[in-house]
Amino acid sequence: MLTFPEGHTPRYTDFSIEAISDETIREGGERALYGASDKDKIRLVEKLSQAGIKDIDVGSGMHEAQFLRKLLVIQDSFDSITDDTNFSFNLTLKTWEPLVERLEKDVPRSLLHRIYVSIGMIEIGSDEQLFEHVAERLRRIGVGRLRCSLLNAFSTEIEEDKYSHLMAQIDRARNVGISLIRINDSVGTLYPDSTAVLAANLVHDNKDMKFYLHGHNDRGLGTANSLVSILHGFQIIEGGVAGVGNRAGLAELESITRCFEENNIRVNSGPIDVDRVIEAARFSEQIYLTVPTPYRPVSGFLVTNENAGIVNVPDYLGVSRDVNYFLNRVGLFPTYLQQILVESGLSENALNPIVIESVYNRLQERFDRQYTAKLAEYERLVAQIDAFYDDIVSLTEVVDTAKQVLQEQPVEVASLAEARQ
């Protein structure tokens with residue numbers, strides 16, 4: 001198993017990295033059950049750019065080349081997308097031909113030179129040097145910069161043979177002039193300790209390369225792994241606002257930028273506005289038709305709520321933070337009622353035990369009524385949410401659609417299709 005390079009020392013505070021890379025648009029589009037409008041996606045890109053996130057992956061589908069062109073035109077024409085915002089477009093060696101054709105057709109050469117194209121699945125067609133051919137083809141149509149995305153199914157440790165395979169892929173990228181490498185934790189099986197070892201060795205053994213981690217959250221460790229990767233030398237960090245990404249999502253950029261703020265981790269591409277990152281996170285739920293997550297770290301819309309009727313540990317420790325206090329039945333104590341009322345400006349002399357008891361009883365009755373009403377409302381809401389997500393296009397429906405199309409074809413066309421079978 002791989003271990004730390006000799007003399008390796010992590011960094012924890014007071015350092016800088018190159019950039020923050022955002023995957024919300026690409027993986028949001030891939031995960032979204034019902035898609036999203038270009039208008040809303042453009043607004044999300046504007047919010048990300050204005051928040052200081054300057055490296056944005058915009059897609060991998062057949063229609064995303066046109067969307068990329070729209071973004072580049074807006075960037076040239078308005079201030080809503082800053083001039084130093086970089087866009088990347090994803091393709092794999094399994095889907096490269098139609099995507100290269102779309103890029104060449106839909107994006108003028110004068111705009112193509114400004115973008116990155118990220119190439120994935122580079123092992124495909126190795127004997128025919130397909131990766132090298134596609135890299136050259138992209139440069140011929142005018143793409144200005146390339147990066148490489150290396151897919152991996154890591155285990156809880158980094159085996160020597162997997163690391164050697166990774167190094168061989170990095171050498172292929174180096175040989176075609178690529179120096180920016182994304183390491184994919186493709187199925188979210190990395191752990192922070194193995195991420196640390198991996199990052200430390202890759203940086204140690206490839207001083208001419210820049211790395212970033214694509215940290216999936218299948219084990220709930222995407223954000224932790226992404227942070228660990230830069231603590232041990234990676235130069236870029238990546239994720240999605242609200243953790244948007246396939247399956248359980250990616251590292252949460254709002255949580256990452258909050259950690260940066262607290263530990264003086266700077267971004268060379270410019271300052272980050274955490275409040276605007278939070279705004280973008282909440283907006284992403286809206287455009288991808290995702291049920292809002294009220295208690296998501298940092299950006300959940302109820303995450304700053306604290307029960308005023310119990311001993312809050314942060315308050316007890318004197319931690320300064322913005323808090324929205326509320327009261328529920330669990331927190332209903334006469335002592336805290338009196339404290340709340342006095343701190344609101346009511347005379348302590350007027351708050352005799354009879355008054356406090358009356359306030360207590362009325363609130364208790366309200367909480368009882370409220371719970372009964374909210375329980376019924378919650379059950380209706382859950383049923384509505386289940387029904388909302390009950391119209392997913394499954395693969396069986398794709399097959400059924402094809403059968404229907406075949407049945408509608410003229411007899412001679414249907415006969416030809418049957419003959420080919």
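Okay, let's start right at a side-chain pair: Glu238 and His214 are joined by a polar contact of 2.7 Å between their side chains. Before I go on, keep in mind that this is a predicted model.

So, staying with Glu238. Its side chain has another polar partner, the side chain of Arg182, at 3.1 Å. If you're looking for Glu238 on screen, go to strand E9, which covers residues 236-239. Is Glu238 buried or exposed? Relative accessibility there is 1%, and buried means under 20%, so Glu238 counts as buried. Leaving out residues up to four places away in sequence, the residues that Glu238 touches include Ser21, Glu23, Tyr212 and Ser226. Also in that set are Leu250, Ala251, Leu253 and Ile256. And Leu213 is one of them too, which takes me to the next stop.

Leu213 sits in strand E8, residues 210-215. With 2% relative accessibility, Leu213 is buried as well. What does Leu213 touch, once residues up to four places away in sequence are set aside? Among them are Ile183, Leu190, Thr195 and Phe234, plus Glu238 again. Asn225, Ser226 and Ser229 are on that list as well. One distance I pulled out here: from Leu213 to Leu146 it's 17 Å between C-alpha atoms, with 67 residues separating the two along the chain.

Now, remember Ser21, one of the residues touched by Glu238? Ser21 also turns up next to Asp55: their side chains make a polar contact of 2.6 Å. Asp55 belongs to strand E3, residues 55-57, and at 7% relative accessible area Asp55 is buried. Beyond residues up to four places away in sequence, Asp55 touches Ile20, Ser21, Asp22, Asn86 and Arg147.

Okay, zooming out to the whole thing. How many helices and strands does the protein have? There are 16 helices and 12 strands. The C-alpha trace spans about 85 × 70 × 50 Å along the principal axes. Of the 421 residues, 43% are buried. If you take contacts between residues at least 6 apart in sequence, 75% of those join residues at least 24 apart.

Last bit, surface and charge. The protein exposes about 22200 Å², with carbon and sulfur atoms supplying 53% of that. On the charge side, I get 63 negative side chains and 42 positive ones, and the centres of the two sets lie 4 Å apart.

That's the tour, so over to you for questions.

Technical notes:
Residues numbered from 1 in each chain as written. Predicted model: local features only at pLDDT ≥ 70, side-chain atom pairs only at ≥ 80, totals over all residues. Heavy atoms only, no water. Helix = DSSP H or I, 4+ residues; strand = E, 2+ residues; numbered from the N terminus. Buried < 20%, exposed > 50% of the residue type's maximum accessible area, 1.4 Å probe, protein only. Polar contact = N/O pair within 3.5 Å; in protein donor to acceptor, adjacent residues only side chain to side chain. Contact = heavy atoms within 4.5 Å. Areas by Shrake-Rupley, 256 points an atom, 1.4 Å probe, with all protein chains shown as cover. Lys, Arg positive; Asp, Glu negative; His and termini not counted. Charge placed at Lys NZ, Arg CZ, Asp CG, Glu CD.
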